[in-house]
Amino acid sequence: MRRPENPIGVRRGDILVLSVMLLLTAAMFAADRFGKTDLCAEIYESGTLVQTVNFSDVTAPYTLTVGGCTLTVASDGIAFTDADCPDGLCVRRGKMTQSGDSMACVPNRVTVALRAKSGGVDAVTY
């Protein structure tokens, strides 16, 4: 008895390779999305590092004022909550929670960048 011809040319090896690739992709996504890394926020004013905030040390939300901007720091992220700039784009940015995120209030020359304290998985490469 002869096996019927496969009309699209997919073999068992092809299915195995695609399955392994799919599993690896899902594992990398889960490690990036749900993996816990120790984050810190670096706050700059006019290009000078003003303060570093370690999120693992934050027990209750608090606010910081840097160069005309008010930042709210919580254990899961940081956000501009008020700024005396005319457009308010920095306030509309929302909360930053992932390593590699950055935001700036250009008129007030305040920049915030999130960094991983340890060498975690970095999905963004420049």
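This short talk describes a four-stranded sheet, a surface patch, the cysteines and one loop glycine of a predicted model.

Good morning. Residues are numbered from 1 along each chain as its sequence is written, and side-chain values use heavy atoms, with hydrogens and water left out. Because this is a predicted model, local features need pLDDT of at least 70 and side-chain atom pairs count only at pLDDT 80 or more, while totals for chains, interfaces and linings use all residues.

I begin with the sheet. Strands of a sheet pair through backbone hydrogen bonds, either parallel or antiparallel. Here, four strands form an open sheet in the order β2-β1-β7-β6, and the pairing is antiparallel. Strands are DSSP runs of E with at least two residues, helices are runs of H or I with at least four, and both are numbered from the N terminus. Two strands pair if DSSP finds at least two bridges between them. At the edges stand β2 (48-54) and β6 (102-105), each of which pairs on one side only. On average, neighbouring strands of this sheet are turned by 20° against each other, direction ignored; the axes are lines fitted to C-alpha atoms, and angles run from 0 to 180 degrees between N-to-C directions.

Let us turn to β1, which covers residues 39-45. Six bridges join β1 to β2, and seven join β1 to β7 (residues 110-116). Towards β2, Ile43 has Gln51 as its bridge partner, and Glu42 has Thr52. Towards β7, Tyr44 is partnered with Thr111. Between β1 and β2 the hairpin has two residues, and Ser46 takes a positive phi near 55°.

How much of β1 is buried? Five of its seven residues are, so the strand is largely enclosed by the rest of the structure. Buried means under 20% relative accessible area, exposed over 50%, and partly exposed in between, with a 1.4 Å probe and protein chains only.

Next, the cysteines. A disulfide is a covalent bond between the sulfur atoms of two cysteines. With the cut-off that the two sulfur atoms lie within 2.5 Å, the structure holds zero disulfides. For Cys90, the nearest cysteine sulfur is that of Cys105, 3.6 Å away. Cys90 counts as buried because its relative accessibility is 3%. Cys40 is also buried, at 8%.

Is Ile8 buried or exposed? Ile8 counts as exposed because its relative accessible area is 68%. This residue lies in the segment before α1 (12-34).

Finally, Gly67 is found in the loop between β3 (62-66) and β4 (69-74). Gly67 is partly exposed, at 28% relative accessible area. From Gly67 to Asp84 there are 17 residues in sequence and 9.3 Å in space, C-alpha to C-alpha.

Ile8, Val10 and Ile15 make a nonpolar surface patch of about 290 Å². Patch residues have over 30% relative accessible area and no salt bridge, and like charges are joined within 9 Å, nonpolar side chains (Val, Leu, Ile, Met, Phe, Trp, Tyr) within 5 Å. A salt bridge is a side-chain nitrogen of Lys or Arg within 4 Å of a carboxyl oxygen of Asp or Glu. Areas come from the Shrake-Rupley method with a 1.4 Å probe, and for residues only the protein chains shown count as cover.
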